[in-house]
Amino acid sequence: MTEERDIVAKAKNFTVGVEEEYLLVDRDSRELIRAAPTALLDHCVAKLGSQVKTEFQQSQIEVSTEVCETVGQVRDDLSRLRATVAGCAEQEGLALVAASTHPSAKWEDQRSTDQARYIGLARDLQGVGRRLLTCGMHVHICITEDDLRIDLMNQVAYFLPHLLALSTSSPFWHGEDTGLASYRLSIFDNLPRTGLPGTFASWGEYERHVNVLASTGVIPDASMIWWDIRPSVRFPTIEMRICDVCTRLEDAVVITALFRCLVHMLFRLRRLNQRWRSYAPMLVAENRWRAQRYGIDAGLIDFGRGEIVPFPDLLNEILDLVATDADELGCTSELATAREIVARGTSAHRQRRAFDEARARGASRDEALRDVVDMLMAESAPGL
C-alpha cells in the first residue's frame, strides 16, 4: 500500500507508465515452461522490487515502469526491466519472449500461479480461464480529475483499433497460423467484462455501474473489469489494455507515445470547447475486428468518409492530428518511428516470415516453429 500511495502522490496529468507481460521459454527446447523456478522471481524481485510480479500462468511474468514524465524515461525503464528479467531468466536456462502468444504451446500443459487471487480467478473462470495463455501491454496516462478521465476515455476509444494494429504479435496458436494478426483477443474475449467499454456520462455513472456488480458479489472491485480501456483501480489513470505486447522495445515506446499524444489531443480540443465525434460501439468494434484480423494490412473504416482507408494513410492523418501534442510532450521523434512499424511490419509479420523461410529451406513444421521462437527470443531482449 505504501508503494501505491507513493505512485499516487506523484500523480500529474499526462505522466505515463507501462506494464508488459512476458512468456518464459526453455532455452534448449524453445518450449514454454510449465512451472517457474522459485529462484527466478526471487532474483528478479531482489533487483527490481515491486516493478516485477507473477502473472496468472507460471510461464508468465509481468513488469511495470516507474511513473515517467517523458516517453524517453519509459524507454529507459522498459529497457532496464527487460534486460534484468532476461538476465535472471538466463541464469535458470530460460529466455524472455515478448509476444502475446507462444507459437506452439498448449494451454492444457500450463499450471496457474498458486496465489489467492489467481486461484479465485481459476475457480471463477473455469475453462475459459484455463485457455488464458496470452500476454499484453497496458499503458497508463495520468488524468487526476475523475470526470475528465471518464470523458477522455470515452473519446479515445475510437483510436483503440489503430493502436492494436501497430502492436500485433499473436498470429500462431497451438502450432497453427490462425490467419489473424492478433489471436490473443480471440482468447481474451471469452472472459466476461472484456472488449470495448460502454460510454459513461460521468464518473458517478461509471461508479454506479461498477457498484451494481460489486454490491451483488459478482466482482470484488473494478480490477475484475478487463475492458480494452478502463479507469485504473489503483491509480488516477486511463489504462489502455487492447494492445498485444510488442516484441521490439521500440514499438512499445512508439505506441506509448501515440496513445499519450491522442489523450493530450482530446484534452486540447476540450479546452477549445471541441470534442471528437462519437460513434456507436458496433462501428468501433468493426474496426477492432479488422485490426485483430488484418493488423496494418487491410485498412480500417473512416466513418466520416464512409470508406475503408489504407492504414498508412490513416496513420499519417493521426500523426498530423497530434503533431502539436507530440511537440509539447517531447516525443516527435518517437512518433515518426510509427511509420517504420508500417514499413517493416509488426511482430506478427516477422513471425510468419521466419516460419515461411524455415519451411522453404525444408524444415519441418516443428522446426519452423522453433525458428519463430528463436526470432522472438532475439528481438525481445537483444544481446542475450
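Student: What makes Arg-75 and Glu-334 a salt bridge?

Tutor: In this predicted model, their side chains come to 3.2 Å, N to O. The cut-off is a Lys or Arg side-chain nitrogen within 4 Å of an Asp or Glu carboxyl oxygen, so the pair counts.

Student: And what does the pair tie together?

Tutor: Arg-75 sits in helix 3 (residues 71-91) and Glu-334 in helix 13 (residues 332-336), so the bridge ties together parts 259 residues apart in sequence.

Student: Why is Glu-334 called buried?

Tutor: Buried means under 20% relative accessible area. Glu-334 is at 7%, so the label fits.

Student: Why is Arg-75 called partly exposed, then?

Tutor: Arg-75 has a relative accessible area of 23%. Partly exposed runs between the 20% and 50% cut-offs, so that's its class.

Student: How do you know that Arg-270 and Asp-151 meet in a salt bridge?

Tutor: Same kind of check: 2.6 Å, N to O, against the 4 Å limit. This pair links helix 9 (residues 249-271) with helix 5 (residues 146-156), 119 residues apart.

Student: Is Asp-151 buried or exposed?

Tutor: Buried, because its relative accessible area is 10% and the cut-off is under 20%.

Student: Which residues are buried in helix 11?

Tutor: Phe-311, Leu-314, Leu-315, Ile-318 and Leu-319. Looking down the axis, the buried residues of helix 11 fall within an arc of 135°, so they line one face.

Student: Why is Pro-310 called partly exposed?

Tutor: Pro-310 has 45% relative accessibility, and exposed would need over 50%, so partly exposed it is.

Notes: Residues numbered from 1 in each chain as written. Predicted model: local features only at pLDDT ≥ 70, side-chain atom pairs only at ≥ 80, totals over all residues. Heavy atoms only, no water. Buried < 20%, exposed > 50% of the residue type's maximum accessible area, 1.4 Å probe, protein only. Helix = DSSP H or I, 4+ residues; strand = E, 2+ residues; numbered from the N terminus. Arc of directions from axis to C-beta.
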